[in-house]
Amino acid sequence: MSAKKQGSKPVGAVMVVGAGIAGVQAALDLANSGFYVYVVEKQTGIGGVMAALDKTFPTNDCSMCILSPKLVECGRHLNIEILAPAQVKGISGEPGNFTVKVKQPARYIDPAKCIACGICAQKCPKKVPDEFNQGLAPRKSAYVLYPQTVPLKYAIDAATCLYFKKGGKCKACEKFCPTGAVVFDDQDKERDIQVGAVILAPGFKIFDPTPYASYHYTAFPNVVTSMEFERILSASGPFEGHLVRPSDHKEPKKVAWLQCVGSRDLHRCDNSHCSAVCCMYAIKEAVIAKEHSKNGLEATIFFMDMRTMGKDFEKYYWRAEEEQGVRFVRSRIHTVDPVPGTDDVQIRYIDEEGNIKDEVFDMLVLSVGLETSPDVMELARTLGVDLNTNKFAQTSPFTPVSTSRPGVFVCGAFQGPKDIPQSVMEASASASAASALLTAARFSLARKKPEFPERDVSQEPPRIGVFVCHCGINIAGVIDVEAVRDYAKTLPFVEYVENNLFSCSQDTQELIKERIKEHHLNRVVVASCTPRTHEPLFQETLREAGLNRYLFELANIRDQGSWVHMDVPELATKRAKDQVRMSVSKVALQQPLVEFSLPITKVGLVIGGGVAGMEAALGLADQGFKVHLVEKKDFLGGHALELNHAWTGEAIKPFVDKLVKRVTNHPKIEVHLNSELTEVTGFVGNFKSTVTTQGRDTAVEHGTAVIAIGGHPYKPTEYLYKENPRVFLALEMDQAMREKNPLVMGAKSAVFIQCVGSREPERPYCSRVCCTHSVESAVKLKELNPDMDVYILYRDMRTYGLRENLYKEAREKGVMFIRFDLDSKPKVEQTADGGLKVTVLDHVLRLPISIHPEVLTLASAIIVKDQEKLAKMFKVPLNNEGFFLEAHMKLRPVDFATEGVFVAGLAHYPKPLDESIAQAKAAAARAAVILSQESIRAGGVVAIVDPMLCSGCQACVEVCPFGAITYKEDEAVAEVNQALCKGCGTCAATCPSECITLLGFSHKQIYAQVDQALSEEAAG
């Protein structure tokens, strides 16, 4: 629904409610594409649950390390206004023009005056349980949410403050505050804010396991929730990352995880849904706990179904079991007892052979589920947003980020339980939907980023500042960071050295700017973690301080130091000193680099005409951008045309037909059928591609590209497929039901076999959609004939999230589920009369069962085809299974490392229709961030050729992966197009005469680093 149709002038601002990772991503996408954003957060700082996590699966990245740069970017963004703490109290108006009433509770500390020195908390005499640390440690009534919080401003908890509770007594914080920031007579404030759209990203509530009396959560100190265990493991947690149990602070030797606490349960709670993330976070916690253990830890996970259905999740599960030694026991625990005289717990369970077993553990971790909090349900009532039966926001699988109220969108766990990447996708998708609504108002309220005058340091001798990060115990738990700091002081050209608790935090960014000015620094080295996620953050800080952003070097002493030498602190410290010494020698030779502006071609290219491709095209076109949609077949729709229903029951064909009509009739979309991409040149903002249509070439200029080529069903060679007409693949069964095939319509028995070609060594991944699709088909068969015997043979039933309700419905309708193992797969034989016989080992009876189905459906894997050619043309990577590999699995799930190119749908990884649509809209949002700009910056770290030294061998021309180097025949020398150059350095490494210099990585700098790397050895 457009604002124009509502008859109102759109407002170029959006309100994002909730500031976890989903809210932050939505805010950044909107602000970076020309809208003003109000972020409303009920807590005193942003970050949400992700800020409280230790590591993230499947990469084991430090959660705060990858999140913090986004928080700082959000906090310092000119077009984002953070209201924290604040709550939405009412809404009026229409899509495109809402008035939202926001209440801002009194903070009692003036953020404008607070310098985050922490003296108020030091002097405050009142200790209370710290909610951020799950009550495992105290905080003061004057507090900051967590050390890296944004905005880093203190607040006073009036509910516990002695001044408020004892009628004006105490005031210690006011007495010692150096800036007079304490304001005891502060009042609540209400604001009416005009916005064009609202995005709901309020997150979730962790299930409180207290009702599970048999688990004794409140009675036994060493029975903890998974979130409490996250804080135990975290470097910034109450135990500084040391693995200890709460009762006696001793290191546990045996820890058990119990799955599905508060999920998949209607007996002790009202949560029929699967929380989707618990299996993976339990595995991750077990793996990380074993790494933290000094004396060897036995980690055991008790589960019903292992739901590792995300990208690379299955391999993570396998590695945990086979390489890290995590034990997996398929059993639901019903009894937990104390061990007299100790703080240990005894678990009684029934193993898969039916034996009753008792086992003692030092700690028990309850893998608690996700649910909607009462506050969020009240917010939904306030905004007039409908909830589903599981109390999450009601959405359609065809419009997964649209709520029941037009103009109000949703993303993240309030839409349904999900992992971080899906939350980030939906955040960008909701930004795309809001942008389409408000396109006419783009840049009407957004403020222009200021230009910071750059200091000319080219004639100054190097004055280097070195900042060494503690990163909690991620670094300081292994490396002697004070020793590294002291060592850095002795290095040539180093004028200032300092330790920081968290170098990526907002307050440290401000501190670095102050130190640059105070000590007249003209180069900076930060010794912390990976430049892959943090370099742009520090470069922006230098820019704001008036330095050229390239006068910076990051020494990765975490990934390449503390993590490598985790068990040998002395070597880790020596390595860190070496890295700092090398970085200082390199940055001392660094000169300011020049960037230049290039105009952007405000056109998008989408490859693939399935649902994901069409949604991506519409996502851009509805925002006013011209789009070329390329499809190799002679029709649009892809494999969605072969599906009957979404898992929620809605018919898919009418939706696809409507989508095709919208695409073909859209004035901003040009459809190229019977076409494929045959050549790509250029770079972000300025691509030029060749579209070949039945032998005719068309040159298309575009600023961005979205790859959405889809996936395909694996065609098995087992289970009599193609040998017996009664054996179908999943899509073929849909077709058979759609066309009322007599074999299916008259069948009295049916069998589904899961994981055909998936979760095997050749394809070590779950295809994500198969379990739900088989259950849905089984339900449809039972509806056709309630007397039909329907069996689903499975390894793990992965009806994740709200899809668990469909699994429950199937069981209620009499669908029978029989589990099998990989080493005892079902056997399918053809009988003498042409019928089928399926034999499977029953996991309960431990006996073979023979079934004679009249139809057999194989849930085969989803695979990709023809992706290598596109990957090479756009210079984007594939993973080992052939799916396109995104820039970062958690926080950049639709981006590639190659700028301006994005991915959506099955080409990225198997996923159901609603998730493909969300990812397509997310890709559109990310592409719109680029297309909405007038120009793009190029240059900086690029190669240059010294024509006096060039021999004209053309080796560089041959190896350049970006086609950035041409050979000038008349001068017999090579030349670099700096707009095309990506700074990979391949040419410089190949050149035999060293006539090519990669700016920022010159031969002189590299040799200096090598010399410094070897200097200690030579001295020894």
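This passage looks at salt bridges, surface patches and one buried helix in a predicted model.

Salt bridges make a convenient starting point, and a search of the whole structure finds 73 of them. One of these joins R515 to E498, with the closest N and O atoms 2.8 Å apart. The two partners come from distant parts of the chain, 17 residues from each other: R515 belongs to helix α13 (residues 506–518) and E498 to strand β26 (residues 494–500). R515 counts as buried because its relative accessibility, 17%, is under 20%; E498 is buried as well, at 12%.

A second pair, E676 and K869, has its closest N and O atoms 3.9 Å apart. Here strand β33 (residues 675–683) supplies E676 and helix α23 (residues 867–874) supplies K869, a separation of 193 residues. E676 is partly exposed, with a relative accessible area of 43%, and K869 is partly exposed at 43%. Beyond such pairs, a network of salt bridges links R264, D305, R307, E314, R330, R759, D796, R798 and E804.

The surface also carries patches of two kinds. Positive charge gathers where K633, K715, K722 and K865 come together. Of these, K722 sits in the loop between β37 (712–713) and β38 (727–729) and is exposed, at 68% relative accessible area. A nonpolar patch is built from F1001, I1006, Y1007, V1010 and L1014, which together offer about 450 Å² of accessible area. L1014 lies in helix α27 (residues 1003–1019) and is exposed at 52%.

Helix α24 (residues 913–931) is mostly covered, with 19 of its 19 residues buried. Its end C-alpha atoms are 26 Å apart, in agreement with the 27 Å expected for 19 residues at 1.5 Å a residue.

Notes. Residues numbered from 1 in each chain as written. Predicted model: local features only at pLDDT ≥ 70, side-chain atom pairs only at ≥ 80, totals over all residues. Heavy atoms only, no water. Patch = residues over 30% accessible without salt bridge, like charges linked within 9 Å, V, L, I, M, F, W, Y side chains within 5 Å. Areas by Shrake-Rupley, 256 points an atom, 1.4 Å probe, with all protein chains shown as cover. Salt bridge = Lys/Arg side-chain N within 4 Å of Asp/Glu carboxyl O. Lys, Arg positive; Asp, Glu negative; His and termini not counted. Charge placed at Lys NZ, Arg CZ, Asp CG, Glu CD. Helix = DSSP H or I, 4+ residues; strand = E, 2+ residues; numbered from the N terminus. Buried < 20%, exposed > 50% of the residue type's maximum accessible area, 1.4 Å probe, protein only. Expected span 1.5 Å × (residues − 1).
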